[in-house]
Amino acid sequence: MVKHTILIAGLGLIGGSLAKGMTESNQNHVIGYDVNLESLEYAYTNRIIHESAKNFHNAAELADFIILAAPISETIELMKKLNDIPLKENVIVSDTASVKCSIIETAGRLTNKNITFIGGHPMAGSHKKGVQAAKAHLFENAIYVLTPSVNSTPDKVDALKDILRHAKSKFIILNPDEHDEMTGVVSHFPHLIASSLVQQARKWGETHSYLPNLAAGGFRDITRIASSNPKMWQDIFSHNRGKMSQLLGEWINEMHFLKELVDKNDKEDIISYLDTAKTYRDGLGTEEKGVIPAFYDIYVDIRDQAGALASVTQILANENISINNIQILEIREGITGALRLSLSSKEAQRKSLSILQNKGYEIMIQR
Ligand SMILES: NC(=O)c1ccc[n+]([C@@H]2O[C@H](COP(=O)([O-])OP(=O)(O)OC[C@H]3O[C@@H](n4cnc5c(N)ncnc54)[C@H](O)[C@@H]3O)[C@@H](O)[C@H]2O)c1
Ligand SMILES: O=C(O)C(=O)C[C@]1(C(=O)O)C=C[C@@H](O)C=C1
């Protein structure tokens, strides 16, 4: 098998995670580049990359594939730089930016004939940033959107998928506008709303100092993403501002409607509103639809006592069931709390439910 040289520019959470998986699989030679020399050094000493490059131009000349994983505005600047570099013939350039229209518009303006540009967006991440948070398995089972530019061909798309196969993602092709519209709704806009909910609580907290202690499972659940990297999100909102503005307008109308509903206090209408939302939300994880990957969660009631979490995870480990994600939703002194365990398949969900129920745990699954 031919070893390709892959340059990953931007070794933060996303670039670092892609690089780590690629370097571990050792099929290709991975060169890392980052403007932050500490991140570059960290990536090299922790074997996230095979080789570190302090000069983007020189590293780009050596690459067969280039993945730009910097913030969106920086990614656009790097694309413009690539245009003036004597690259290898037929180099495939991709990116990881959360917004695709401005990236593909920039790709359309590139005149360097050696570049085939295929936009990329792995639909997985976290509220953490930086190379220290990188995980080789971050994109496992996640949707990975590709937005080929006009000069790309299906064999080039396959070549890109091939060098990304270690990620174990599910690739889908979307046009950039469709991508920005859908991720606007299910990814970008929720971040704005999460921050606005936290702002509301913060303002109330100024006159009610005990308020933060009451922020339990529900508030924490819906606002986790408000802890994300503000600079990255400003960049995303700015590049998708047309869609954000439209969604905010729709949301404001929805809030007016909701206010009327609450003021009227019609029991049936309110139940119907909540029920329609519940039915849609419960259905999201049952099959893979659009950009939303399936999830198979179970909720386990546990007591606030030493070792409670370890007991549950040990029972599942004994049965060889691996847990994709675990979250403590609400545990306060002396009160029963809930664990949310995310499993990798419906079968794992069913098996965990039955094993834990047999051991006397109270379990809830959605649906
Ligand atoms: N965080 C997420 O959940 C997530 C998920 C999918 C896609 N993305 C997208 O991936 C990209 C990277 O996000 P992240 O979460 O890894 O951010 P991050 O802040 O963790 O990492 C960004 C890295 O890029 C480096 N960088 C900045 N300017 C650079 C430049 N000019 N050249 C080279 N390196 C540069 C920074 O030093 C940093 O190491 C963004 O475009 C973002 O929209 C983020
Ligand atoms: O899990 C999170 O914290 C994320 O915000 C990840 C998330 C999202 O789902 O909205 C954020 C931005 C990306 O472009 C893709 C994924």
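The legends below describe close-up views of a predicted model.

**View 1. The domains of the protein chain.**
The domain assignment divides the chain into domain 1 (5-174), domain 2 (179-284) and domain 3 (296-364). Taken over C-alpha atoms, the centres of domain 2 and domain 3 are 28 Å apart. Two residues from opposite parts of the sequence can be picked out here: Lys-3 and Gln-357 are separated by 354 residues in sequence and by 50 Å from C-alpha to C-alpha.

**View 2. The surroundings of ligand 1.**
Ligand 1 is surrounded by 31 residues, and the closest of them are Gly-10, Gly-12, Ile-14, Ser-98 and Gly-125. Two or more residues of this shell come from each of α1, α4, β6 and α10 (230-239). Helix α4 gives the largest share, four residues. Sorted by class, the shell around ligand 1 holds 15 nonpolar, 13 polar and three charged residues. Domain 1 (5-174) and domain 2 (179-284) each supply at least three residues to the shell.

**View 3. The surroundings of ligand 2.**
The residues around ligand 2 are Ser-98, Met-123, Ala-124, Gly-125, Ser-126, His-127, Ser-187, Ile-225 and Ser-228. Three of these shell residues are nonpolar, six are polar and none is charged. Where does ligand 2 lie with respect to domain 1 (5-174) and domain 2 (179-284)? Both domains give residues to its shell, so ligand 2 lies between them.

**View 4. Gly-125, in the shells of both ligands.**
Gly-125 is one of the closest residues to ligand 1, and it is also among the residues that surround ligand 2. Gly-125 belongs to the loop between β6 and β7. Is Gly-125 buried or exposed? Gly-125 is buried, because 22 other C-beta atoms lie within 10 Å, and the cut-off for a buried residue is 20 or more. Not counting residues up to four places away in sequence, Gly-125 touches Leu-13 and Ile-14. Ile-270, by contrast, is 145 residues from Gly-125 along the chain, and their C-alpha atoms are 34 Å apart.

**View 5. Helix α1 and what covers it.**
Helix α1 (residues 13-25) has 13 residues and reaches 18 Å from its first C-alpha to its last, close to the 18 Å expected at 1.5 Å a residue. Of its 13 residues 11 are buried, so α1 is largely enclosed by the rest of the structure. The buried residues are Leu-13, Ile-14, Gly-15, Gly-16, Ser-17, Leu-18, Ala-19, Lys-20, Gly-21, Met-22 and Thr-23. The cover over them includes β1 (5-9), β2 (29-33), α2 (37-45), β4 (65-68) and β6. After α1 comes Asn-26, which has a positive phi, near 55°.

**View 6. Helix α5 and what covers it.**
In helix α5 (residues 101-108), the buried residues are Cys-101, Ile-103, Ile-104, Thr-106 and Ala-107. Among the elements that cover these residues are α4, β5, β6 (115-122), β7 (143-148) and α7 (176-205).

**View 7. The nonpolar cores.**
In soluble globular proteins, nonpolar side chains tend to be buried together. The largest nonpolar core here has 60 residues, and Ile-6, Leu-7, Ile-8 and Ile-66 touch the most other members. Another core, of 10 residues, lies apart from it and includes Tyr-296, Ile-298, Val-300 and Leu-339. What does Leu-7 touch, leaving aside its neighbours within four places in sequence? Leu-7 is in contact with Ile-31, Tyr-33, Ala-59, Ala-60, Ala-63 and Ile-66.

**View 8. Two loop residues with positive phi.**
Most residues other than glycine have a negative phi. Asn-90 is not a glycine, yet its phi is positive, about 60°. Asn-90 sits in the loop between α4 (72-83) and β5 (91-95). Asn-90 counts as exposed because it has 12 C-beta neighbours inside 10 Å. Lys-168 also has a positive phi, near 55°, and is placed in the loop between α6 (154-163) and β8 (170-173). With 14 C-beta neighbours inside 10 Å, Lys-168 counts as partly exposed.

**View 9. Lys-3, before the first strand.**
Lys-3 is in the segment before β1. Lys-3 counts as exposed, because it has 10 C-beta neighbours inside 10 Å. Apart from its neighbours within four places in sequence, Lys-3 is in contact with Asn-28 and His-29.

Notes: Residues numbered from 1 in each chain as written. Chains lettered and ligands numbered in written order. Predicted model: local features only at pLDDT ≥ 70, side-chain atom pairs only at ≥ 80, totals over all residues. Near = placed C-beta within 6 Å. Nonpolar A, V, L, I, M, F, W, Y, C, P; charged D, E, K, R; others polar. Domains from an automatic or database assignment. Core = buried A, V, L, I, M, F, W, Y, C linked by C-beta atoms within 7 Å. Contact = placed C-beta atoms within 7 Å. Expected span 1.5 Å × (residues − 1).
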